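Let's take a walk through a protein fold together, one piece at a time. Keep the picture open beside you and follow along.

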Amino acid sequence: MQWHILGAGAIGLLWAAKLQRAGHRVTLILSGPQKLNQYNEIEHFSVTSEGLTDRFNADAELAEHTVPIHHLLITTKSFAAVDAFNSIRHRLAGNARILLLHNGMGPQQQLVDENPQLEIWAGSTTDGAYFESPWNLVRAGIGDTQIGRLSEYGDEQFFEEMASVDGKLTMTTDINTVLWRKLAINCAINPLTALYDCRNGELLKYTDRRAAMAQICKEVDSVANALGITLFDRKLMEQAWDVAELTGRNHSSMQQDVSHNRTTEIETITGFFCKAAKQTSIPVPANQLVLEAIRNINEPDDY
Ligand SMILES: NC(=O)c1ccc[n+]([C@@H]2O[C@H](COP(=O)([O-])OP(=O)(O)OC[C@H]3O[C@@H](n4cnc5c(N)ncnc54)[C@H](OP(=O)(O)O)[C@@H]3O)[C@@H](O)[C@H]2O)c1
């Protein structure tokens, strides 16, 4: 099967490798001519996992290309997903299947609302990967991925195809709740690690950081409850504490984005949450505070 990957970053190339290993053909749709020239000089990327490095030769092209797209994986950062999708929209075949795999919420539902005739799936992953150098990826952790259909249209065949690509993939009939759970954990950990410029585990070491995290979690629990969303079978603070402890040595993506002066995913994480809170009468001052603080902390230079 032919797959197109829109967003050939860490998660995109990780999935390109998984798809190629499973026998699929993969074409990377790159962000611009400079990136395409860079790739065409080497025409491969590599993935290092548990000390072993494998090399992959995917094709690469730009959005302007005219070949129809039947299977599309979108792995941009959340803030880029809608624009990226619109850049290839004209190429989508009538029966195209689309999977969005990014953190944060908002773009997934927006694409479904704007394209009700398309089969759109969304996913959430605990896979971890980073670039050692351009086109050389290191798989940091072998995680779980859950996917579920968001659109009215479609059937389970897509999941069966994907399950043969990743043995740790599972399907959910309630992807919205899965996305909310990931969002809740991200709200609890990511903005604070960026503001305190610390590793995940260092949130738990200081009273003021724990107090801020507890307040954020309390607000998220209250709003989710009011919206009828079941987060965890215990308080979010307890869940987030365990995640921060388990990933204690890690730098969150938001901490890294802020420290490198890159655009963060704050608008689709805490921003999405604060908008959702407006549908309830529940005030969310702790989340609003970190939202404004991250908005103000750096003037991203990579728009
Ligand atoms: N990395 C991880 O370990 C990890 C783990 C779990 C979840 N996630 C989530 O997965 C998502 C992707 O993360 P990532 O780490 O893979 O990000 P990333 O490395 O920054 O990759 C995003 C890619 O999207 C490309 N892109 C942006 N706009 C595009 C467009 N219009 N057309 C084509 N390509 C475009 C970027 O290209 P340029 O660089 O050329 O702009 C970049 O290569 C995020 O939501 C992240 O939070 C990541």
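Start with helix α10. The cover over its buried residues includes α6, α7 and α11, the last of these spanning 285-297. Which residues of α10 are buried? They are T270, G271, F272, F273, A276 and A277. Before going further, keep in mind that this is a predicted model.

Now look at two of the covering helices, α6 and α7. Helix α6 takes in residues 175-195 and helix α7 residues 207-226; the two pack at an angle of about 155°, and their axes are 9 Å apart. That angle is why α6 counts as roughly antiparallel to α7: anything over 145 degrees falls into that class. As for handedness, α6 passes α7 in a right-handed crossing.

What do these two helices touch each other with? On the α6 side you'll find W180, A184, C187, A188 and L192, and facing them in α7 are R209, A212, M213, I216, C217, V220 and A224. Sorted by class, this contact between α6 and α7 has 11 nonpolar residues, no polar ones and one charged one.

Follow the chain out of α6 and you come to the loop between α6 and α7, where D197 lies. D197 has a positive phi of about 50°, even though it is not a glycine. Is D197 buried or exposed? It is exposed, because just 12 other C-beta atoms lie within 10 Å of its own, and 12 or fewer is the cut-off for that label.

There's another residue of this kind to visit. N261 also isn't a glycine, yet its phi is positive at about 55°. You'll find N261 in the loop between α9 (253-259) and α10 (270-278). N261 is exposed, with 12 other C-beta atoms within 10 Å.

Back to the helices: α7 also meets α11. The axes of α7 and α11 come within 7 Å and cross at roughly 115°. From α7 the contact uses A212, Q215, I216 and E219, and from α11 it uses A286, N287 and V290. By class, this contact of α7 with α11 has four nonpolar, two polar and one charged residues. Notice A212 and I216: both are on the α7 side here, and both are also among the α7 residues that meet α6.

Next, the sheets. Helix α6 is a handy bridge to one of them, since α6 lies across β8 (119-125) and β11, running at about 35° to β8. Those strands belong to an open sheet of eight strands, in the order β5-β2-β1-β6-β7-β8-β11-β12, with mixed pairing. At its edges are β5 (59-62) and β12 (169-171), each pairing on one side only. From one strand to the next, the twist averages 25°.

Zoom in on the β12 edge. Strand β11 (residues 145-149) pairs with β12 in the parallel sense, over three bridges. If you want one bridge to find for yourself, try T145, whose partner in β12 is L169.

While you're among strands, here's a handy rule: in a regular strand, side chains alternate between the two faces of the sheet.

The other sheet to look at has four strands, is open too, and runs in the order β4-β3-β10-β9 with mixed pairing. Its edge strands are β4 (52-56) and β9 (128-133), each of which pairs on one side only. Here the twist averages 30° from one strand to the next. Helix α1 (residues 10-21) packs on this sheet, touching β3, β4, β9 and β10 (136-141), and its direction makes about 100° with that of β9.

How do the strands of this sheet pair? Strand β3 (residues 45-49) and β4 are antiparallel, joined over five bridges, and S46 has R55 as its bridge partner in β4. On the β10 side, β3 pairs in the parallel sense over three bridges, with S46 standing opposite N136 in β10. Finally, β9 and β10 pair in the antiparallel sense over five bridges, and F131 has L137 as its bridge partner in β10. β9 and β10 form a hairpin with two residues between them, and W135 in the turn has a positive phi of about 70°.

One last stop: S87, in helix α3 (residues 81-88). S87 is partly exposed, with 16 other C-beta atoms within 10 Å. S87 and S31 are 56 residues apart in sequence, and 10.0 Å apart in space from C-alpha to C-alpha.

Technical notes:
Residues are numbered from 1 along each chain as its sequence is written. This is a predicted model: local features need pLDDT of at least 70, side-chain atom pairs count only at pLDDT 80 or more; totals for chains, interfaces and linings use all residues. Two strands pair if DSSP finds at least two bridges between them. Axes are lines fitted to C-alpha atoms, for helices over the stretch in contact, and angles run from 0 to 180 degrees between N-to-C directions. Two residues are in contact if their C-beta atoms, placed from the backbone, lie within 7 Å. Angles under 35 degrees count as roughly parallel, over 145 as roughly antiparallel, 65 to 115 as roughly perpendicular and the rest as oblique. A crossing is left-handed if the near helix is turned anticlockwise from the far one by less than a right angle, and right-handed if clockwise. Ala, Val, Leu, Ile, Met, Phe, Trp, Tyr, Cys and Pro count as nonpolar, Asp, Glu, Lys and Arg as charged, and the others, Gly among them, as polar. A residue is buried if 20 or more other C-beta atoms lie within 10 Å of its own, exposed if 12 or fewer, and partly exposed in between; C-beta atoms are placed from the backbone.
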